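Trainee: I have a new structure to look at, and I would like to learn how to read it. Could you take me through it step by step?

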Amino acid sequence: MASNRNGVQRGSAKFDRPLKPRLRPSSPSPGSALRRPARNSHAVPGRVRVAVRLRPRNAEEMMADADFADCVEVQPELKRLKLRRNNWDSDTYEFDEVLTEFASQKRVYEVVAKPVVESVLDGYNGTVMAYGQTGTGKTFTLGRLGDGDASDRGIMVRSMEDIFADLSPDTDFVTVSYLQLYMETLQDLLNPANDNIPIVEDPRNGDVSLPGATLVEITDQQSILELLRVGEANRVAANTKLNTESSRSHAILMVHIKRSVLESEDIVSSQNGDASHLTKPSKPLVRKSKLVVVDLAGSERVHKSGSEGHMLEEAKSINLSLSSLGKCINALAENNAHVPFRDSKLTRMLRDSFGGTARTSLIVTIGPSPRHRGETSSTILFGQRAMKVENMLKIKEEFDYKSLSRKLEIQLDKLIAENERQQKAFEDEVEKVNLEAQCRIAEVERNFADALEKERLKCQMEYMELVKELEQKLVLNQERHDCNNFVADNGEGPASSSADEVAEAKMLLETERNRRKAAEEEVERLKSQLGKHTQAEAEDVEIIKLRNILEDEANQKKRLEEEIIILRSQLLQLNFEADQMRRCLENGSSGSTFSATDSSMTQVRHSQFKDTGNGQKSSVATLFEQVGLQKILSLLESDDANVRIHAVKVVANLAAEEANQKRIVEAGGLSSLLMLLRRYEDETVRRVAAGAIANLAMNEANQELIMTEGGITLLSMTASDAEDPQTLRMVAGAIANLCGNDRILMTLRSQGGIKALLGIVRCGHPDVLSQVARGIANFAKCESRASNQGIKSGRSFLIEDGALPWIVQNANNEAAPIRRHIELALCHLAQHEVNAKDLISGGALWELVRISRDCSREDIRNLARRTLSSVSTFKSELRRLRIDY
Ligand code: ADP
Ligand code: MG
């Protein structure tokens with residue numbers, strides 16, 4: 001570094017971020033992970049911040065150096081430090097912070113460590129290191145517990161206090177390891193027997209971990225003090241045993257923080273708006289970060305190896321870590337391509353602190369004594385170089401798919417329970433209303449029966465009275481008659497009048513009888529009318545009421561069921577994505593993932609589905625059991641477009657599993673899928689439906705069914721008007737599958753299957769073309785078989801339908817799958833004499849010759865050769881062209 005006499009040496013021209021404490025909310029709200037303004041989560045450049053701290057003169061120095069001035073002079077307001085060379089000369093250095101001998105521990109913590117701790121709480125890695133000669137105050141600065149005097153507390157204790165104040169105990173975790181590095185051996189200070197801990201680096205992201213180290217979960221401030229005490233005691237004991245002093249080893253405190261962060265998502269809205277309570281659970285993120293506090297071994301060892309009577313090996317080892325730290329800092333400061341991190345354990349461990357993904361503060365401690373001027377000078381230079389090191393900050397967070405899945409499950413369970421509760425309440429209500437209606441009917445019947453009985457008794461009484469009256473009249477008449485007879489016997493008289501009276505009485509009796517009968521009939525009629533009336537009235541009201549309730553409940557149930565389906569399909573999809581993600585991570589590649597909605601027709605998709613393990617299978621099985629295939633299929637016709645999309649995705653996922661296909665077809669799923677294709681309204685629906693049909697079409701048993709249900713025409717229509725390459729790939733795949741079935745060959749062609757395939761080539765996407773080529777090869781093979789069996793005669797339909805130019809054009813396509821299918825198709829066509837002339841005029845002969853010579857597959861090569869030497873038209877043409885064969 002160039003230095004001017006009495007000039008300022010700048011560690012770095014950049015002062016991009018002041019090392020000032022930030023204002024923070026006084027009490028953190030539990031559960032909210034981001035309490036401070038969110039920062040750029042990708043990469044924030046940050047330089048290593050360097051502060052210098054001057055220790056006050058100790059008692060010995062007061063005595064010994066009484067006549068000498070201090071070798072340093074600090075100018076904290078200018079953030080400068082002057083190191084005296086001699087009485088008239090000094091060098092000036094500038095740091096991010098200059099701390100005088102009077103600086104309090106609180107202030108030191110706030111300017112050196114607090115910004116790092118805050119950034120750790122935001123999800124970044126952070127490191128605080130103390131570097132300096134033994135006795136200059138490294139341990140004082142970092143490790144003081146403040147037992148006697150709280151103002152003495154060092155950086156370790158204060159960092160943990162700030163961490164605990166910011167964390168939420170329910171959702172966040174803190175674990176701590178405490179280690180000692182001595183002579184390139186890493187020892188666990190929480191379990192000293194464990195003295196050979198390996199350092200492991202993740203090749204993907206460079207993260208450093210110590211799998212063998214004890215990790216203690218810390219839940220309160222008291223336990224961290226306890227842990228630091230135990231660690232310190234073990235450090236002293238270990239050093240006594242080795243007959244060394246702790247200044248020769250590095251002490252490393254590692255604090256791992258895991259925080260849950262929630263990111264709210266959109267609300268799933270449905271068409272009628274009443275499913276708005278279906279808020280998608282927020283995306284749970286786990287943010288991991290690490291704070292490393294390193295109390296380095298005394299820096300004087302770097303220069304004094306062996307000179308103080310240490311064993312040479314020991315001195316070398318102690319030197320190794322510190323001197324490689326210096327080398328790494330130099331290399332980083334000079335932007336060298338190679339940084340020798342691997343040279344020592346210390347640098348391997350701190351790899352992700354320097355120039356890595358961390359925010360780093362270094363405090364260099366110096367003493368005032370002129371006797372150690374040399375040491376002090378080299379310490380200051382170390383700090384100056386460190387100021388040039390730039391770090392890249394990366395936030396580390398990953399999706400907690402497990403917890404999202406768990407939340408969805410819980411929401412689902414709640415909905416199922418709610419549905420059940422409502423169903424039960426509905427049934428109870430129906431029962432209650434029924435019971436009430438029955439009671440009322442019984443009461444009406446009873447009232448009526450009473451009234452009837454009263455009426456009957458009344459009639460009876462009246463009748464009896466009448467009879468009695470008549471009988472009295474009769475007796476009276478009889479008496480009169482007897483008397484008259486007596487008179488008649490004695491002369492003519494009133495005999496005729498008494499006979500009249502009898503006749504009159506009889507008539508009266510008859511009239512009364514008739515009246516009674518009429519009254520009884522009337523009563524009977526009234527009775528039946530009353531019965532009908534009361535019943536009808538009661539029933540009408542109740543039925544209307546019940547019907548309304550029933551309708552409401554049915555609507556509610558339908559809505560809940562639809563929500564369940566949506567949630568299940570989301571769950572299914574998430575499981576699938578989580579699985580893909582897991583696989584990607586395991587494979588260490590960021591290769592493309594198969595979305596569950598991308599229902600593919602290939603076997604690859606099948607095996608993927610199978611591979612997803614029990615979780616996926618059980619989800620599908622649960623879906624079947626709990627919702628029922630019939631119900632899922634019925635949702636394909638739902639009025640709600642959103643529900644239809646979800647339902648078709650679920651059906652496509654199910655159809656991708658061979659084991660489900662039979663059930664889907666038996667339950668009418670194929671017809672529903674074809675119906676969706678026919679009704680075409682949405683590209684997603686059409687693509688997913690076509691994919692599901694393609695999967696079903698792989699199964700020979702379904703192919704005829706697809707044909708009889710008009711599927712070929714539908715697929716051909718879709719082929720002609722779809723634009724989306726994915727849809728076209730699915731349609732081409734479905735037709736290609738049908739092309740392999742001998743029994744539907746003729747219908748396939750007559751309903752435009754071949755023309756549809758040829759139309760699809762307009763898309764140009766190699767995946768789509770490969771499906772077209774497969775279809776043509778399948779068709780040519782079946783047709784060739786039919787010709788051999790005498791079922792078919794005449795030219796190939798492929799030639800008739802104009803496929804030959806495309807076949808010839810693509811026979812040597814650079815995409816291997818396309819080329820191979822077309823080569824096969826050409827060989828099949830060429831086997832039949834009737835096609836030979838067209839093949840020659842269409843230029844296919846040259847392709848056949850090429851195939852017979854260059855094709856990478858031996859069986860196809862041989863087939864081409866055999867064909868050329870056996871079909872006479874080819875033979876004579878080759879002779880005419882003087883091509884030896
Ligand atoms: P190191 O860890 O660098 O070897 P220590 O932290 O053990 O140094 O400090 C050596 C001695 O100096 C201790 O007795 C400590 O109390 C004292 N000391 C260090 N720094 C200060 C300071 N800033 N103020 C008062 N005493 C200090
Ligand atoms: Mg120390």
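Mentor: We will go through strands, turns, helices, contacts and cores in turn.

Mentor: This is a predicted model, in which local features need pLDDT of at least 70, side-chain atom pairs count only at pLDDT 80 or more, and totals for chains, interfaces and linings use all residues. Residues are numbered from 1 along each chain as its sequence is written, chains are lettered from A and ligands numbered from 1 in the order in which they are written, and side-chain values use heavy atoms, with hydrogens and water left out.

Trainee: Let us begin with strands. How many bridges join S4 to S5?

Mentor: Strands (E, at least two residues) and helices (H or I, at least four) are DSSP runs numbered from the N terminus, and two strands pair if DSSP finds at least two bridges between them. Here, strand S4 (residues 72-75) and strand S5 (residues 80-86) run antiparallel and are joined by four bridges. One partnership to look up is Glu73 with Lys82 in S5. The two strands form a hairpin with four residues between them, and Lys79 in that turn has a positive phi of about 55°.

Trainee: Which strand does S5 join through six bridges?

Mentor: That is S6 (residues 89-94), which runs antiparallel to S5. Arg80 has Glu94 in S6 as its bridge partner. S5 and S6 also form a hairpin, with two residues between them.

Trainee: Now S9, please. Is this strand largely enclosed or open?

Mentor: Burial is read from relative accessible area: buried means under 20%, exposed over 50%, and partly exposed in between, using a 1.4 Å probe and protein chains only. In S9 (residues 173-182), nine of the 10 residues are buried, so the strand is largely enclosed by the rest of the structure. S9 pairs in the antiparallel sense with S10 (residues 185-188) over four bridges, and Leu181 has Leu186 in S10 as its partner. Two bridges also join S9 to S13 (residues 216-217), again antiparallel, with Thr175 partnered by Glu217.

Trainee: What should I notice about phi in Met183?

Mentor: Most residues other than glycine have a negative phi. Met183 has a positive phi near 50°, and Glu184, which is not a glycine either, has one of about 60°. Met183 lies in the loop between S9 and S10, as does Glu184. Their burial is worth checking too: Met183 is partly exposed at 31% relative accessible area, while Glu184 is buried at 18%.

Trainee: How do I check the length of a helix such as H17?

Mentor: Compare its span with the expected one, which is 1.5 Å times one less than its number of residues. H17 (residues 683-697) has 15 residues and reaches 20 Å from its first C-alpha to its last, close to the expected 21 Å. Of those 15 residues, 12 are buried, so H17 is largely enclosed by the rest of the structure. Among the buried ones are Arg686, Gly691 and Asn695.

Trainee: Which residues have polar contacts with the side chain of Gln703?

Mentor: A polar contact is a pair of N or O atoms within 3.5 Å; within protein, one must be able to donate a hydrogen and the other to accept it, and residues adjacent in sequence count only if both atoms are side-chain atoms. The side chain of Gln703 makes such a contact with the side chain of Asn741 at 2.8 Å, and one of its polar atoms lies 3.3 Å from the backbone oxygen of Asn737. Gln703 sits in helix H18 (residues 700-708) and counts as buried at 5% relative accessibility.

Trainee: Finally, which residues touch the most other members of the largest nonpolar core?

Mentor: In soluble globular proteins, nonpolar side chains tend to be buried together. A nonpolar core is a set of buried Ala, Val, Leu, Ile, Met, Phe, Trp, Tyr and Cys residues joined through side-chain atoms within 4.5 Å. Of the 97 residues in the largest one, Ile776, Trp806 and Phe874 touch the most other members. A second, separate core has 48 residues, including Ile197 and Ala333.
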